[in-house]
Amino acid sequence: MSEPVKGKTDAGRRREERARRRRQQVVDAALRLFTEHGYVATTIEAIAREAAVAPATVYQAFGTKQAILARILDVTVAGDAGPAALLDRDWVKQASQHPDPRKRLALVVQHASQVAARTAPVKEVMRDAAAADPAVRQLLHEDDQRRYLTQQALVSLVAGQGPLRAGCDRDHAVATFFALVNSHCYQLLADHLGWSPADWQQWLTGVLDHEFFGTGEPARRTPRSGPSKQA
């Protein structure tokens, strides 16, 4: 008799669900420890204790600490543990169906800025870890490459078949989006000027509208008059 296809029986589905929950426990525990104690100081054994699983379970599920960090980044970028890539999300389809390029831009900025804001704590952990761990440095590099390609596709979606303003070609538009819509830019304005995600989103929409189409006025939301005392 042939073996049942994995996940096609009730028992198989229950096993898969238990394994999925354990993986998520590990991811959640690792994120807490990386944020509180740093990536370098956090061991696999500490992650296992925090997740209430055996170290062998962590090794079996991920293999390395860097693989856990990569999974945390993927989940944080997507906003959930679902399999859909960022460009396959519903909001991308909704934006592509809008006839007005400025409306497409506003919707894209809304969601892309949310991605950048929620990944800010993870990226800070990664930047700190990269100084001591070449594998994390490579992960950051690969993430920048992936973000550039994703944002290139989003800018193409925004521009559609129409022209951008004089002096702004597609490459310039992508470079501008790439430079502004990222977690480091958000963190600078949030930590040092007290901007909220909504402040940043409004500012980005105005700046990019003006830069791409020459029709908008850059929004000026400055909740504080200067850098915070901690800067």
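**Charged side chains, question by question**

Reader: Is Arg146 buried, partly exposed or exposed?

Author: The relative accessibility of Arg146 comes out at 38%. Keep in mind that this is a predicted model. Buried needs a value under 20% and exposed one over 50%, so at 38% Arg146 counts as partly exposed.

Reader: Which residue forms a salt bridge with Arg146?

Author: Look along helix 7, residues 134-159, where Arg146 has a salt-bridge partner. The two sit three residues apart, about one turn of the helix. Their closest N and O atoms are 3.2 Å apart, and the partner is Asp143.

Reader: And is Asp143 buried or exposed?

Author: Asp143 has a relative accessible area of just 5%. The cut-off for burial is under 20%, so Asp143 counts as buried.

Reader: Which residue meets Asp144 in a salt bridge?

Author: Helix 7 has this pair too, again three residues apart, or about one turn of the helix. Asp144 is partly exposed, at 35% relative accessibility, while its partner is buried at 17%. The side chains come to 3.7 Å, N to O, and the partner of Asp144 is Arg147.

Reader: How many salt bridges does the structure hold, then?

Author: You've now met two pairs, Asp143 with Arg146 and Arg147 with Asp144. Side chains of opposite charge can pair when their charged atoms come close. Across the structure, the number of salt bridges is nine.

Reader: What is the N to O distance between Glu50 and Arg32?

Author: The side chains of Glu50 and Arg32 meet in a salt bridge, with an N to O distance that I'll give in a moment. This pair links distant parts of the chain, 18 residues apart: Glu50 is in helix 2 (residues 44-51) and Arg32 in helix 1. Both count as partly exposed, because Glu50 has 36% relative accessibility and Arg32 has 37%. The distance is 3.0 Å.

Reader: Where does the largest share of the positive patch come from?

Author: The positive surface patch is made up of Arg14, Arg15, Arg18, Arg22, Arg23 and Arg71. Five residues of the patch come from one element, residues 10-37. That element, with the largest share, is helix 1.

Reader: What is the relative accessibility of Arg22?

Author: Arg22 lies in helix 1 and belongs to that positive patch. Patch residues need over 30% relative accessible area. Arg22 counts as partly exposed because its relative accessibility is 35%.

Key:
Residues numbered from 1 in each chain as written. Predicted model: local features only at pLDDT ≥ 70, side-chain atom pairs only at ≥ 80, totals over all residues. Heavy atoms only, no water. Patch = residues over 30% accessible without salt bridge, like charges linked within 9 Å, V, L, I, M, F, W, Y side chains within 5 Å. Areas by Shrake-Rupley, 256 points an atom, 1.4 Å probe, with all protein chains shown as cover. Salt bridge = Lys/Arg side-chain N within 4 Å of Asp/Glu carboxyl O. Lys, Arg positive; Asp, Glu negative; His and termini not counted. Charge placed at Lys NZ, Arg CZ, Asp CG, Glu CD. Helix = DSSP H or I, 4+ residues; strand = E, 2+ residues; numbered from the N terminus. Buried < 20%, exposed > 50% of the residue type's maximum accessible area, 1.4 Å probe, protein only.
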